Amino acid sequence: MTALTGTRRLARLVLRRDRVRLAIWILGTPLLGYALAGSVAGVYPDEAARQGYATTSASSLVARAFNGPIAGTDLGAVVVAETYVTLALIVALLSTFAVTRHTRQDEETGRAELLGASVVGRYAPLTAALLVVVAANVLAAALLALAFAGAGLPLAGSVAAAAAVGGVGVAFTAIAAVTAQLSVTSRGANALAAAAVGLAFVLRAAGDVLGEQSADGTRVASAWPSWLSPLGWGNQVRAFEGERWWVLALPVALLIAGVATAYALAERRDQGAGLVAPRRGPASATARLLSPAGLAWRMQRGTLLGWAVGVAVLGLSMGVAGDEFNAMMEQNPAAAEAINAMGGGANLIDAYLTAMLGLFALTIGAYVVQALLRVRGDESDGVLEAALATAVSRSRWLGTQVLAATIGALALLLLAGLTTGLGYGLVTGDPLGEAVALAGAALLRLPALLVVAGVVTALFGLLPRWSVVLSWTALLVFLLLGQLGAVLELPQAALNLSPYTHVPPVPAVDPAVLPLVLLVGVAAAFLTAGVAAFRHRDVPS
């Protein structure tokens, strides 16, 4: 028996377990890319519009930090500038979560020990997971290239852009292989991998901000920090503007180095252990942990703090960018029309602020899903069964988890409005007034997040085994319908399926009470159904 014995059979097991997740990933990425490419093509239909976009983006430090460097005035270059970071972050996180799920999580739950009792080599589980995840990235990239080409972009540039996105997934597959050897828990491994994604984003942003603008003002050459980031490598491919194919060798090199490192680290640790020793907790627990509310806060406070930092930084940046936004929109009426479609109202800056608050609400929806899906993890790990063995009813336990997630979403919404208003107020000279106004406008998005919480709770109660996949799928559908539906000119019947569609676009227009009341009613119905189903089903499912 060799160290790789059983790899093929384990790869088939990974495919069997993740067939739905992989299908959503492989098909959803090109569909999202196609929709975004079509949207950008409609917003910047001619050379004059793209010239204005490229000039403004190259001169805006905020645009360079969040979208990356612009590579020219070609339609494909504009599409890459508008879509690359979003697609790259999605595949990076999907890749890290998938690797962790089939390596560290299997060790944590004891599945790996059972498999190891059969004829399975030491490296087989890790190798099987890596093969499947890399193959998923390659296949998704191939379909993404076809999607870009189908949207009317040149084939060579489409292949380069899609390969750049796939290369990011391959690079973070290697990073996740290493983090899975370091932490003793799957949550710790995912946290380390997510921190690596965040560091890569910061390095790329720093390199693009420090980069040099071309003489004609339509291009940016990134500085050296961008070359230290796997996210930055995708920008350096320069899709649709003199492709540099050799850059695609960097993710492959990182994959080889990461796999070799992961194999070496696996030799130095015991099954189920991590190279980083877990931190010891206090000798005695506080009284707060005796209640479901105290336990929920203890489990979610770290995640909430990380989200709060990210929301605060983005809020300030988006608020400060409001002044640059006016100049950009004056040169591009089509882009202004698209922002109005997303934000509503006639006042352009109010439409911009509304669109930003809408994006924050959607992003915070991901926090709600993440926080509530912890209950499914607790059920799978056996924590829930132990908790219910005490004097805690099912309704109280699940209701506490929903309340904790809702309070966290409320705090993040408030923070998003305050920081966005503060950033914009620093530009206009009224930081306090703008912060208070936008904080109130942001809180009006809470009913939509309550619907998201209700959907997740209902799925957990009714379809626990499918709740993780279906919850994230629902949020993705809400994204496409609630934020991009108007730009893509989808029928109103489809747009109405998203709770975000029914939120009054404040501050662009005056608030309306009836839609908010209806959203709360829908959320209450979903929550009631979820709690009732949870009370009457087996635990664990």
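# Exercises: cavities, cores and rings

A search of this whole predicted model turns up six cavities of 30 Å³ or more.

**Exercise 1.** Describe the largest cavity: its volume, its lining and the elements behind that lining.

*Solution.*
- Step 1. Start with volume. The largest cavity holds about 140 Å³ of space.
- Step 2. Find the lining. There are 16 lining residues, and Val80, Tyr84, Gly234, Asn235 and Ala239 lie nearest the centre.
- Step 3. Trace the elements. Helix 5 (75-101), helix 9 and helix 11 (230-236) each give two or more residues. Helix 5 supplies the largest share, six residues.
- Step 4. Sort by character. The lining has 12 nonpolar residues, three polar and one charged.

**Exercise 2.** Do the same for the second largest cavity.

*Solution.*
- Step 1. Its volume is about 60 Å³.
- Step 2. The lining consists of Leu10, Leu13, Val14, Arg17, His102, Asp106, Leu115 and Pro125.
- Step 3. Helix 1 (residues 7-17) gives the most, with four residues.
- Step 4. Five lining residues are nonpolar, one is polar and two are charged.

**Exercise 3.** Locate the largest nonpolar core and find which helix gives the most to it.

*Solution.*
- Step 1. This core has 71 residues. Trp25, Tyr44, Ile70, Tyr84, Phe148, Val168 and Phe172 have the most contacts inside it.
- Step 2. Helix 9 (residues 155-182) gives the most, with 13 residues.
- Step 3. Look elsewhere too. Another core, of 36 residues, lies apart from it and includes Ala371, Leu372, Leu446 and Leu449.

**Exercise 4.** The structure holds five aromatic pairs. Classify the pair Trp307 and Tyr367, then say whether each residue is buried or partly exposed.

*Solution.*
- Step 1. The ring centres are 5.9 Å apart. The planes meet at 65°, so the pair is edge-to-face; the cut-off for that class is over 60 degrees.
- Step 2. Trp307 sits in helix 13 (residues 292-330) and Tyr367 in helix 15 (residues 348-372), 60 residues apart.
- Step 3. Trp307 has 21% relative accessibility, so it counts as partly exposed. Tyr367, at 2%, is buried.

**Exercise 5.** Classify the pair Trp397 and Phe534, and follow its links.

*Solution.*
- Step 1. The pair is tilted, with 6.2 Å centre to centre and 35° between the planes.
- Step 2. Trp397 belongs to helix 18 (residues 394-428) and Phe534 to helix 23 (residues 513-536), so the pair ties together parts 137 residues apart in sequence.
- Step 3. Both Trp397 and Phe534 are buried.
- Step 4. Ring pairs link Trp397, Phe460 and Phe534 into a cluster.
- Step 5. Add a charge. The charged end of Arg537 sits over the ring of Phe460, 4.8 Å from its centre.

Note on methods
Residues numbered from 1 in each chain as written. Predicted model: local features only at pLDDT ≥ 70, side-chain atom pairs only at ≥ 80, totals over all residues. Heavy atoms only, no water. Core = buried A, V, L, I, M, F, W, Y, C linked by side-chain atoms within 4.5 Å. Buried < 20%, exposed > 50% of the residue type's maximum accessible area, 1.4 Å probe, protein only. 1 Å grid on protein atoms, 1.4 Å probe; cavity = no way out; pocket = protein on both sides within 12 Å on 5 of 7 lines; lining within 4 Å. Points joined across faces, edges and corners; volume = space filled by probe spheres on them. Nonpolar A, V, L, I, M, F, W, Y, C, P; charged D, E, K, R; others polar. Phe/Tyr/Trp six-rings, centres within 6.5 Å; stacked < 30°, edge-to-face > 60°. Lys NZ or Arg CZ within 6 Å of the ring centre and 35° of its normal.
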